[in-house]
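Me: Please give me a close look at one buried serine and its setting in this structure. I would like a connected account that starts from that residue and then follows the chain outwards to the strands, cysteines, rings and loops.

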Amino acid sequence: MPVISVARAAEAAAEQRAEQRELLTKLLQPLAGVEFFVMPGESVLILSDVCLPAPPSQGVHFPPDLLAALVELIYAAGAARVGVALRPAAGFPLPRVLTDSGYAALAESGAELIDLSARGTVRRSCADALSADHLDIAAPLALYDVLISAAKLRVSEGRLFGGAIVNCAAACPAFAGCDDEHRQRMLVDIYGAVSPDLSIIDCRSVNIAFQPPRLDCLLAGHDAVAIDMTLATLCALPPANIEYLQLAAQYGLGSHVAGEIMLRGDKLI
């Protein structure tokens with residue numbers, strides 16, 4: 001039975017780093033803490049959802065101050081090195097994305113900032129082959145021991161386009177050019193090929209256009225299907241209408257049944 005941890009919290013100021021670390025510690029405690037995912041001497045790659053030169057106040061990506069606190073916790077657990085990977089959207093140079101999003105400051109926390117669009121790829125086979133027999137995945141993902149996905153919840157026009165599984169798409173350069181007919185199936189193939197060890201989703205309301213109001217919490221867990229199922233339910237989106245969730249569950253990549261998902265930590269209601 002997958003466990004999803006919940007931590008209630010309002011937006012924290014960038015300078016309150018200690019509070020950010022405490023929030024993440026609280027979030028990860030029901031999952032046995034960050035030490036369960038990171039062993040001393042291991043290398044950790046954080047797959048970020050930042051791709052646009054947008055400030056954190058617009059609520060379009062995982063907040064950089066919270067990510068910096070996560071990097072600090074990972075190093076405190078004994079990690080040898082930490083990388084933060086991102087894929088800038090087409091037409092936006094990396095320096096502008098890093099500066100405007102606030103992610104440039106992450107270098108001060110000791111994290112290596114990795115532009116996935118400037119690195120090579122490695123070919124991985126797709127066990128379920130819903131969209132292709134193989135996918136080219138960003139090479140840096142193969143160079144780290146632990147993969148953590150960090151994303152901001154984003155909902156618009158009845159669609160969940162910022163969540164645990166969707167964030168994995170940044171690992172595959174072909175996804176950007178995928179047509180709508182195959183996009184949902186490719187998401188499942190990418191998730192099967194990437195499979196983060198831990199996913200953290202920031203649901204805190206920043207911009208009412210992207211986050212439902214009063215949903216001030218963070219979610220974390222290993223099962224990205226269960227996380228997105230929970231997100232869909234919280235956002236009043238029928239999970240049955242989200243094709244990639246149904247497919248991922250059918251092919252044994254996670255749980256999409258509410259009764260099979262165990263919520264731990266703070267109460268959502």
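Reply: S149 has a relative accessibility of 0% and therefore counts as buried, the limit for that class being under 20%. The model is a predicted one, and the values below are computed from it. S149 belongs to strand β7, which spans residues 146-152. Its side chain is engaged in a polar contact with the side chain of N167, at 2.7 Å. Once the neighbours within four places in sequence are set aside, the residues in contact with S149 are L47, A164, N167, P196, L198, S199 and I200. N167 thus appears both as the polar partner of S149 and in its list of contacts.

Three of the contacts named for S149, namely L198, S199 and I200, carry the description to strand β10, which covers residues 198-202. The loop between α6 (180-194) and β10 contains S195. This serine has a positive phi of about 45°, although it is not a glycine. With a relative accessible area of 34%, S195 is classed as partly exposed, whereas S149, at 0%, is buried.

Strand β10 is joined to β11 by four bridges, and the two run antiparallel. Within this pairing, D202 has L218 of β11 as its bridge partner. L218 is also the bridge partner of A7, so the burial of the strand that holds this leucine deserves attention: five of the five residues of β11 are buried, and the strand is mostly covered. The cover extends to both faces, with C217, L219 and G221 buried on one side and L218 and A220 buried on the other.

On the side of A7, the strand concerned is β1 (residues 3-8). Four bridges join β1 to β11 (residues 217-221), again in the antiparallel sense. In addition to the bridge between A7 and L218, R8 stands opposite C217 in β11. Strand β1 also pairs with β12 (residues 262-265), here in the parallel sense and over four bridges. In that second pairing, S5 stands opposite R264.

What lies before β12 in the chain? The loop between α8 (243-250) and β12 contains G259. At 64% relative accessibility, G259 counts as exposed, the threshold being over 50%. The C-alpha atom of G259 is separated by 9.3 Å from that of M1, although the two residues are 258 residues apart along the chain.

C217, the residue opposite R8, leads to the cysteines. A disulfide is a covalent bond between the sulfur atoms of two cysteines. The structure holds zero disulfides. For C217, the nearest cysteine sulfur is that of C203, which is 4.3 Å away, and C217 is in no disulfide; the cut-off for such a bond is 2.5 Å. C235 is likewise in no disulfide, its nearest cysteine sulfur being that of C203 at 7.0 Å. Both cysteines count as buried by relative accessible area: C217 has 1%, and C235 has 12%.

The aromatic residues complete the picture. A pair of aromatic rings is described by the distance of the centres and the angle of the planes. How many aromatic pairs does a search of the whole structure find? The search finds one. This pair is formed by F36 and F37, whose ring centres are 5.2 Å apart and whose planes stand at 85°, so the arrangement is edge-to-face. The two residues fall into opposite accessibility classes: F36 counts as exposed at 57% relative accessibility, while F37 counts as buried at 11%.

F36 and F37 are adjacent to a further loop of interest. Helix α2 covers residues 34-37, and A32 is placed in the loop between α1 (17-28) and α2. A32 has a phi near 80°, a positive value in a residue other than glycine. S195 was noted above for a positive phi as well, about 45°.

Two arginines have charged ends placed over rings elsewhere in the chain. R81 lies over the face of Y144, at 4.3 Å from the ring centre. In the second case, the charged end of R183 sits over the ring of F175, 4.4 Å from the centre of that ring.

To return to the starting point, S149 is a residue of β7 that is buried at 0% relative accessibility and is joined to N167 through a side-chain polar contact of 2.7 Å.

Key. Residues numbered from 1 in each chain as written. Predicted model: local features only at pLDDT ≥ 70, side-chain atom pairs only at ≥ 80, totals over all residues. Heavy atoms only, no water. Pairing = 2+ DSSP bridges. Phe/Tyr/Trp six-rings, centres within 6.5 Å; stacked < 30°, edge-to-face > 60°. Buried < 20%, exposed > 50% of the residue type's maximum accessible area, 1.4 Å probe, protein only. Lys NZ or Arg CZ within 6 Å of the ring centre and 35° of its normal. Polar contact = N/O pair within 3.5 Å; in protein donor to acceptor, adjacent residues only side chain to side chain. Contact = heavy atoms within 4.5 Å.
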